[in-house]
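Trainee: I would like to learn how to read strands, ring pairs and empty spaces in a structure. Can we go through one together?

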Amino acid sequence: MNMRMKCLLSLVCSFLLLGLSACVSSPSTETSTSQSSDLERIDLSYYPKFIEYNEGKAALIPITHATSNWELQSRQNYLFASYGRYIFRYNIISNSIDKTIDLGEPFKGWPFGITISADGRYLITYNFEFANTEPNHHYFLIDTESETVEFLCNVYDDTMVDGITNTVIPSKVKNELTNLCFKSPSPEHKCTITEELGKEEIRYVFHDQNGDSKEIATFNNITLGMGNYCIIDENRVGAIVPKSSELSGYVSFYKIIIVNIKNDNPEIEFIISSK
């Protein structure tokens, strides 16, 4: 082998060694980076994110026969309507959906737990198992004002609650926390709604703080039981019900109503509809 061939062969080997070295060292750098934070160990598909209202509304279209699966919670000037992985924050004052959240993929297909601070700004979400044989997974803190998501922990552990509370949770809502969940605000109005069996159908009766009761009227053949409802204050009930009685089995044809107990009329209606 002549000198020129030896030099050429040596040069090729050098390039091959450099390429091999780069391929070997690159994964180790990525591994070390991914292990530097718990946040990076969770697959991004599990992360909640803020989305446009129309995007969330469109996601509900293929889901049918869902009359009993809405959840509704009242906080100050808001109603939080949730269905599966989607949350719609309804602003009572502006009569609009001002925030829409996709909670991401559920861990092992488990349902979502959702707790909301008294002012309606912060949410803590997680996945739980009905049988309660495994600890809750994937806790996130969601700030609706800044539209940010903070990872709290992968698997719930009592020993880490204090550390998370002191370093991550905003000071204004720390007193609301219990085991990484916001306590449900105690309603000052002390009103209740009971479901009572009538001659032909279930009656929904509102009981005020003075002990007086009044049946909540049916609106265009739509009752509160076709969806879900919650008490806003001593005069109003919020509900998410079908857009019409003919569409009671389709989650994409629903509306939010605010019912004034005194005059039996929906004083506000906001339609969540795919059409």
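Trainee: How many residues of β8 are buried, and why is β8 said to be largely enclosed by the rest of the structure?

Mentor: Keep in mind that this is a predicted model. A residue counts as buried when its relative accessible area is under 20%. In β8, seven of the seven residues are buried, so the strand is largely enclosed by the rest of the structure.

Trainee: Which way do β8 and β9 run, and how many bridges join them?

Mentor: For paired strands, look at the direction, then at the bridges. Strand β8 covers residues 137-143 and strand β9 covers residues 148-155. The two run antiparallel and are joined by six bridges. To find the partners, take F140, which stands opposite F151 in β9. Likewise, I142 has V149 of β9 as its bridge partner.

Trainee: What lies between the strands of that hairpin?

Mentor: Four residues lie between β8 and β9 in the hairpin. There E147 takes a positive phi, near 55°.

Trainee: How many bridges join β7 to β8?

Mentor: Five bridges join them, and β7 and β8 run antiparallel. One place to look is Y122, which stands opposite D143 in β8.

Trainee: Now the rings. How many aromatic pairs does the count come to?

Mentor: Two rings pair if their centres lie within 6.5 Å. By this rule the count comes to 16 aromatic pairs. One of them is formed by Y90 and F270, with 5.8 Å from centre to centre and 45° between the planes, and it is tilted. This pair links distant parts of the chain, since Y90 is in strand β4 (residues 86-91) and F270 is in strand β18 (residues 265-273), 180 residues apart.

Trainee: Are Y90 and F270 buried or exposed?

Mentor: Y90 is buried, and F270 is buried too.

Trainee: Why is the pair of Y126 and Y139 called stacked?

Mentor: Planes under 30 degrees apart count as stacked. The planes of Y126 and Y139 are at 15° and the ring centres are 4.9 Å apart, so this pair is stacked. Y126 lies in strand β7 (residues 122-127) and Y139 in β8, 13 residues apart. Both Y126 and Y139 are buried.

Trainee: Which residues do ring pairs link into a cluster?

Mentor: Pairs that share a ring can be followed from one to the next. Here the cluster is made of Y53, W70, Y83, F88, Y90, Y254 and F270. A ring can also have a charge over it, as with Y78: the charged end of R89 sits over this ring, 3.9 Å from its centre.

Trainee: Let us turn to empty space. How many cavities of 30 Å³ or more does a search of the whole structure find?

Mentor: Rolling a probe the size of a water molecule over the atoms shows where empty space is left. In this structure the search finds two cavities of 30 Å³ or more. The largest cavity has a volume of about 60 Å³, and the second largest cavity one of about 50 Å³.

Trainee: Which residues line the largest cavity?

Mentor: The lining consists of E201, I202, R203, Y204, E215, I216, A217, T218, T223 and L224. Strand β13 (residues 202-207) gives the largest share, three residues. By type, the lining divides into five nonpolar, two polar and three charged residues.

Trainee: And which residues line the second largest cavity?

Mentor: Its lining is formed by Y46, P48, L103, E105, F112, T125, Y126, N127, H138 and F140. Two or more of the lining residues come from each of β7 and β8, and β7 gives the most, with three. The residues divide into six nonpolar, three polar and one charged. Note that Y126 of the stacked pair is part of this lining, as is F140, which stands opposite F151.

Trainee: What volume does the second largest pocket have?

Mentor: The second largest pocket has a volume of about 320 Å³. It is lined by 15 residues, and the closest to its centre are E71, G84, P111, F112 and I114. At least two lining residues each come from β2 (71-75), β3 (78-83) and β6 (112-116), and β2 gives the most, with three. Eight of the lining residues are nonpolar, five are polar and two are charged.

Conventions: Residues numbered from 1 in each chain as written. Predicted model: local features only at pLDDT ≥ 70, side-chain atom pairs only at ≥ 80, totals over all residues. Heavy atoms only, no water. 1 Å grid on protein atoms, 1.4 Å probe; cavity = no way out; pocket = protein on both sides within 12 Å on 5 of 7 lines; lining within 4 Å. Points joined across faces, edges and corners; volume = space filled by probe spheres on them. Nonpolar A, V, L, I, M, F, W, Y, C, P; charged D, E, K, R; others polar. Pairing = 2+ DSSP bridges. Phe/Tyr/Trp six-rings, centres within 6.5 Å; stacked < 30°, edge-to-face > 60°. Buried < 20%, exposed > 50% of the residue type's maximum accessible area, 1.4 Å probe, protein only. Lys NZ or Arg CZ within 6 Å of the ring centre and 35° of its normal.
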